[in-house]
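Me: I'm new to reading protein structures, and whole folds still make my head spin. Could you pick one part and walk me through it slowly?

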Amino acid sequence: MPFAKAAEDMIAKLGEDFTYITEGGDAITVRGVYEDQYQEVDPQTQVAVISQQPMLFCRLQDLPETRGRGDRITVRGETYRVREEQPDGYGNTDIYLHRV
């Protein structure tokens, strides 16, 4: 699949290592693309709200099999909790983070 190959290349070239720590305490190093940009969100009120949403994009196969909301991720010296995971259907996922 062209998209899967493009995502793999992007992670290899633009990604950085981060540590994924399950609630059970198991830790592994994973490579992914980290983003922490401001986003404009319109919650259907016609009022623009600016929000900052840190997230990681990585391959599902690199993550622990047993994982979930509340696991911790350390990237760029900061620790986050996993808030939500959204697989893309091509073997990758966006992991939305909450700064602790």
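What follows is a close look at strand S2, residues 27–35, and at what surrounds it.

Reply: Sure, let's go. One thing up front: this is a predicted model, not an experimental one.

A bit of background helps before we zoom in. The protein has 1 helix and 8 strands, and along the sequence they come in the order α-β-β-β-β-β-β-β-β. Its C-alpha trace spans about 40 × 35 × 20 Å along the principal axes. Of its 100 residues, 30% count as buried. Keep that in mind, as burial will come up a lot.

Now for the strand. Start with Val30, which is found in S2. Is Val30 buried or exposed? Val30 counts as buried, because its relative accessibility is 2% and the cut-off for burial is under 20%. What does Val30 touch, leaving out residues up to four places away in sequence? The list is Glu16, Asp17, Phe18, Tyr20, Cys58, Asp62 and Leu63. You can also check a distance here: the C-alpha atoms of Val30 and Pro64 are 9.5 Å apart, with their positions 34 residues apart along the chain.

Move one step along to Arg31, also in S2. Arg31 has a relative accessibility of 31%, so it counts as partly exposed. Its neighbour Val30, remember, is buried. Beyond its close sequence neighbours, Arg31 touches Ile11, Ala12, Gly15, Glu16, Asp17, Phe18 and Cys58. Compare that with the list for Val30: Glu16, Asp17, Phe18 and Cys58 turn up in both. Arg31 and Glu16 are 15 residues apart in sequence, yet their C-alpha atoms are 5.3 Å apart in space.

Further along S2 sits Tyr34, and here we get an aromatic pair. A search of the whole structure turns up 1 such pair. Its partners are Tyr34 and Tyr80, with ring centres 6.1 Å apart and planes at 50°, which makes the pair tilted. Tyr34 is in strand S2 and Tyr80 is in strand S7 (residues 78–87), so this pair links distant parts of the chain, 46 residues apart. How about cover? Tyr34 is buried, because its relative accessible area is 10%. Tyr80 is buried too, since its value is 1%.

Just after the strand comes Asp36, in the loop between S2 and strand S3 (38–41). Asp36 has a relative accessible area of 24%, so it is partly exposed. Setting aside neighbours within four places in sequence, Asp36 is in contact with Gln52, Gln53, Pro54, Tyr80 and Arg99. Notice Tyr80 in there: this is the residue that pairs with Tyr34. For a contrast in distance, try Asp36 and Tyr90: they are 54 residues apart along the chain, and their C-alpha atoms are separated by 23 Å.

Where does S2 fit into the interior? The largest nonpolar core has 13 residues, and the ones touching the most other members are Phe18, Tyr20, Leu56, Ile73, Ile95 and Leu97. S2 is one of the elements giving two or more residues to this core, alongside strand S1 (16–21), strand S5 (55–59), strand S6 (72–75), S7 and S8. Phe18 and Tyr20, by the way, are residues that Val30 touches.

One more stop, following a contact outward. Cys58 is touched by Val30 and by Arg31, and Asn92 touches Cys58 as well. Asn92 belongs to strand S8 (residues 92–99). Its relative accessible area is 3%, so Asn92 is buried. Ile11 is another residue that appears in the contact lists of Arg31 and Asn92.

So many of these links join residues far apart in sequence; how does the whole protein look on that score? Among contacts between residues at least 6 apart in sequence, 47% join residues at least 24 apart.

To recap the strand itself: Val30 is buried, Arg31 is partly exposed and Tyr34 is buried, with Tyr80 as its ring partner.

Terms used: Residues numbered from 1 in each chain as written. Predicted model: local features only at pLDDT ≥ 70, side-chain atom pairs only at ≥ 80, totals over all residues. Heavy atoms only, no water. Helix = DSSP H or I, 4+ residues; strand = E, 2+ residues; numbered from the N terminus. Buried < 20%, exposed > 50% of the residue type's maximum accessible area, 1.4 Å probe, protein only. Contact = heavy atoms within 4.5 Å. Phe/Tyr/Trp six-rings, centres within 6.5 Å; stacked < 30°, edge-to-face > 60°. Core = buried A, V, L, I, M, F, W, Y, C linked by side-chain atoms within 4.5 Å.
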